[in-house]
Amino acid sequence: MAYETILVEIEEGVATITLNRPEVLNALNSQVFIELGEAATQLTADETVRVVIITGGEKVFAAGADIKQMATATAVDVSTSVRPSLKAFNLIENMPKPVIAAIAGYALGGGCELTLTADVRIAADNAQLGLPEIKLGILPGGGGTQRLPRLIGAGKAKELIFSGEFISAEEALRIGLVNKVVPTDQLLIEAKKMAKKFAARGAVAIQMAKTCINEGLQMDLDRGLQYEHKCFSLLFATEDQKEGMKAFIEKRKPNFQGK
């Protein structure tokens with residue numbers, strides 16, 4: 001499928017979505033969100049894809065939303081125009097496959113919120129992350145007030161949102177906003193290395209583990225444990241479980257088929 005604002009490449013079970021608006025530092029607009037949603041839907045349905053990487057390249061991830069598009073918008077305009085972003089972010093967050101955000105340069109506003117929809121975030125050492133919306137008289141509207149506190153805790157999330165300040169990759173690592181910091185020229189190499197590691201695991205088990213975590217965060221502990229127990233039991237009806245345990249006993253690498 002041809003896209004105007006993103007690039008999609010698939011290699012050895014790993015799909016890489018690259019934001020492709022370098023002339024505006026990959027600023028996010030309605031077209032980007034629509035295409036991200038379409039790509040997420042396509043890659044979810046593609047059985048050859050095991051892991052998805054989202055990146056903007058080595059210079060910039062995404063320097064926020066397109067402010068020129070928003071400056072003259074009314075409340076009604078915004079209520080309508082924000083729907084593609086919410087849809088895209090939900091589709092990415094709920095993909096039944098691991099999603100890795102590979103972040104270089106600025107990841108601000110909507111760009112930072114996009115990284116929050118990923119399962120794992122790897123930052124280049126030149127990355128700067130932040131939610132500066134408060135400086136424009138608004139608040140994060142792409143899930144920042146909801147996903148960020150769940151990731152790093154309410155107190156730290158409030159500090160970042162209320163101040164609107166940017167933080168470095170190392171600070172993002174310290175507070176748990178990113179999982180790993182690597183040299184800029186190694187960003188995609190490290191992201192693909194992690195993706196291939198995930199891709200070698202049982203796809204059904206990863207899907208259920210992701211669902212357990214995402215759904216469990218919305219439950220109290222008792223219901224979350226019950227949900228985990230059901231998913232754990234169901235995996236014993238899969239071919240991957242049989243292959244995984246047989247391979248362990250035979251002291252060989254498993255050949256998972258995602259079934």
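In this predicted model, a good place to start is Ala63, whose bridge partner in strand S6 is Leu108. That contact belongs to the pairing of S4 with S6 (residues 106-108), which is parallel and spans two bridges. Stepping back, S4 and S6 sit in an open sheet of four strands, ordered S4-S6-S8-S9, with mixed pairing. Its edge strands are S4 (62-63) and S9 (166-168), each of which pairs on one side only.

Now let's turn to strand S5. Five of the five residues of S5 (residues 99-103) are buried, so the strand is largely enclosed by the rest of the structure. In a regular strand, side chains alternate between the two faces of the sheet. Both faces of S5 are covered: Val99, Ala101 and Ile103 are buried on one side, and Ile100 and Ala102 are buried on the other.

Which strands pair with S5, and in what sense? Strand S3 (residues 51-55) pairs with S5 in the parallel sense, and strand S7 (residues 120-124) also runs parallel to S5. The table sets out these pairings beside that of S4 and S6.

| Strands | Sense | Bridges | A residue pair |
|---|---|---|---|
| S4 and S6 | parallel | two bridges | Ala63 and Leu108 |
| S3 and S5 | parallel | four bridges | Ile53 and Ile100 |
| S5 and S7 | parallel | four bridges | Ile100 and Val120 |

Ile100 is a handy residue to have on your screen here: Ile100 is the bridge partner of Ile53 and stands opposite Val120 in S7.

Next come the helices. Where do the buried residues of helix H6 lie around its axis? In H6 (residues 144-152), the residues Gly144, Arg147, Leu148 and Ile152 are buried. They cover an arc of only 105° around the axis, which puts them on the same side of H6. As for their neighbours, the buried residues of H6 pack against helix H4 (83-93), helix H5 (110-116) and helix H7 (154-163). Just after H6, Gly153 takes a positive phi of about 95°.

Finally, the surface. Ile67, Met70, Leu136 and Ile138 make a nonpolar surface patch of about 330 Å². One of these residues, Ile138, is placed in the loop between strand S8 (128-130) and H6. Is Ile138 buried, exposed or partly exposed? With a relative accessible area of 36%, Ile138 is partly exposed, as that value falls between the 20% limit for buried residues and the 50% limit for exposed ones.

Key: Residues are numbered from 1 along each chain as its sequence is written. This is a predicted model: local features need pLDDT of at least 70, side-chain atom pairs count only at pLDDT 80 or more; totals for chains, interfaces and linings use all residues. Side-chain values use heavy atoms; hydrogens and water are left out. Two strands pair if DSSP finds at least two bridges between them. Buried means under 20% relative accessible area, exposed over 50%, partly exposed in between (1.4 Å probe, protein chains only). The arc is that of the directions from the helix axis to the C-beta atoms. Contact means heavy atoms within 4.5 Å. Patches are made of residues with over 30% relative accessible area and no salt bridge: like charges are joined within 9 Å, nonpolar side chains (Val, Leu, Ile, Met, Phe, Trp, Tyr) within 5 Å. Accessible areas come from the Shrake-Rupley method with a 1.4 Å probe; for residues, only the protein chains shown count as cover. A salt bridge is a side-chain nitrogen of Lys or Arg within 4 Å of a carboxyl oxygen of Asp or Glu.
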